[in-house]
Amino acid sequence: MEFPNLGEHCSESTCNRLDFLPLKCDACQGIFCTDHITYTSHSCPSAYKKNIQVPVCPLCDVPIPIKRGDLPDVAVGLHIDNDCRESHRKVFSNKCSSKGCKVKEMVPVKCNECGANFCLKHRHPTDHACIGAEEALRLRRLETLNKKSQTTISPNSSNSNSHPFRSLQGTMTEDEALARALQASLEDEERSRRMLQPVPSGNRDRCRLS
């Protein structure tokens with residue numbers, strides 16, 4: 001004797017088995033057999049309604065309270081757009097060194113020749129009129145020398161002699177003045193080093209009382 005109205009088929013598309021004791025999912029309200037009643041076994045689309053875990057922001061690691069039944073992804077997205085502290089931090093902080101360009105990149109893009117930072121549009125040497133490695137090194141040495149000379153200027157010195165590099169330059173070219181200034185700096189360092197060395201004690205005449 002058959003009972004055509006007894007039992008129900010499993011709602012899982014890969015199963016569809018007739019179960020005389022079917023079970024109803026409390027989340028999606030679907031009918032399933034004992035093998036597919038769990039949320040993971042039938043990929044329940046409404047399982048998040050029964051999930052009581054609190055989502056955490058992936059940027060600032062702050063737990064985000066949500067109401068039962070709300071989608072965690074929506075709550076996290078609203079938090080990132082409105083309340084997240086990390087999302088408002090400046091990400092594009094690497095400014096392009098090309099003249100007139102105000103573009104900033106997320107990561108530094110440095111030229112292999114001059115070593116300056118540029119945007120993606122001006123990253124190639126031909127796009128930013130690259131001065132080359134030697135000229136960039138010379139400019140860095142000039143800048144270092146100028147900073148060093150400014151720290152050693154005495155407050156009572158006059159304006160004409162306040163900049164030793166300018167006083168050395170005169171009618172010479174920049175390369176000659178740079179070489180002369182570097183030589184003077186090395187001589188000053190050598191002179192200072194000699195002054196700090198201890199003076200060796202020589203043979204001293206001793207006075208003898210007769």
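A residue is counted as buried when its relative accessible area is under 20%. In this predicted model, Arg 138 has a relative accessibility of 14% and therefore counts as buried. Arg 138 takes part in a salt bridge with Glu 135. The closest N and O atoms of this pair are 2.5 Å apart. Both residues belong to helix 2 (residues 133-151). They are three residues apart there, so about one helical turn separates them. Glu 135 is partly exposed, at a relative accessible area of 28%.

Two salt bridges are found in the whole structure. Besides the helix 2 pair, Asp 35 bridges to Arg 17, with 3.5 Å between the closest N and O atoms. This pair links distant parts of the chain, 18 residues apart. Asp 35 lies in the loop between strand 4 and helix 1. Arg 17 lies in the loop between strand 1 and strand 2. The relative accessibility of Arg 17 is 36%, so this residue counts as partly exposed.

The loop between strand 1 (8-9) and strand 2 (18-19) also holds Glu 12. Glu 12 is buried but forms no salt bridge. The nearest side chain of opposite charge is that of Arg 17, 12 Å away. A salt bridge requires a nitrogen-oxygen distance within 4 Å. Beyond residues up to four places away in sequence, Glu 12 touches Phe 32, His 36, Ser 41 and His 42.

The cysteines were examined next. The structure contains zero disulfides. The cut-off for a disulfide is a sulfur-sulfur distance within 2.5 Å. For Cys 33, the closest cysteine sulfur is that of Cys 10, and at 3.8 Å it is too far for a bond. Cys 44 is likewise in no disulfide, its nearest cysteine sulfur being that of Cys 28, 3.7 Å away. Cys 33 is buried, with a relative accessible area of 0%. Cys 44 is buried too, with a value of 11%.

Cys 28 appears again in the surroundings of Ser 46. Ser 46 sits in the loop between strand 4 (31-32) and helix 1 (72-82). Its relative accessible area is 14%, so Ser 46 is buried. Outside its neighbours within four places in sequence, Ser 46 is in contact with Ala 27 and Cys 28.

Helix 1 has a buried side and an exposed side. Ala 75, Val 76 and His 79 are buried. They lie on the same side of helix 1 because they cover an arc of only 100 degrees around the axis. Asp 73, Asp 81 and Asn 82 are exposed on the other side.

Confidence varies along the protein chain. The mean pLDDT is 75, and 71% of the residues score at least 70. Among the elements, strand 4 has the highest mean pLDDT, 91. Helix 3 (residues 164-169) has the lowest, 50. Over residues 157-165 the pLDDT is below 50, yet the model gives this stretch 11 contacts beyond near neighbours in sequence. Residues 203-210 also stay under 50. For this second stretch, the model has zero contacts beyond four places in sequence. Where pLDDT is low, predicted coordinates should not be read in detail.

Technical notes
Residues numbered from 1 in each chain as written. Predicted model: local features only at pLDDT ≥ 70, side-chain atom pairs only at ≥ 80, totals over all residues. Heavy atoms only, no water. Helix = DSSP H or I, 4+ residues; strand = E, 2+ residues; numbered from the N terminus. Buried < 20%, exposed > 50% of the residue type's maximum accessible area, 1.4 Å probe, protein only. Contact = heavy atoms within 4.5 Å. Arc of directions from axis to C-beta. Lys, Arg positive; Asp, Glu negative; His and termini not counted. pLDDT = per-residue confidence, 0-100.
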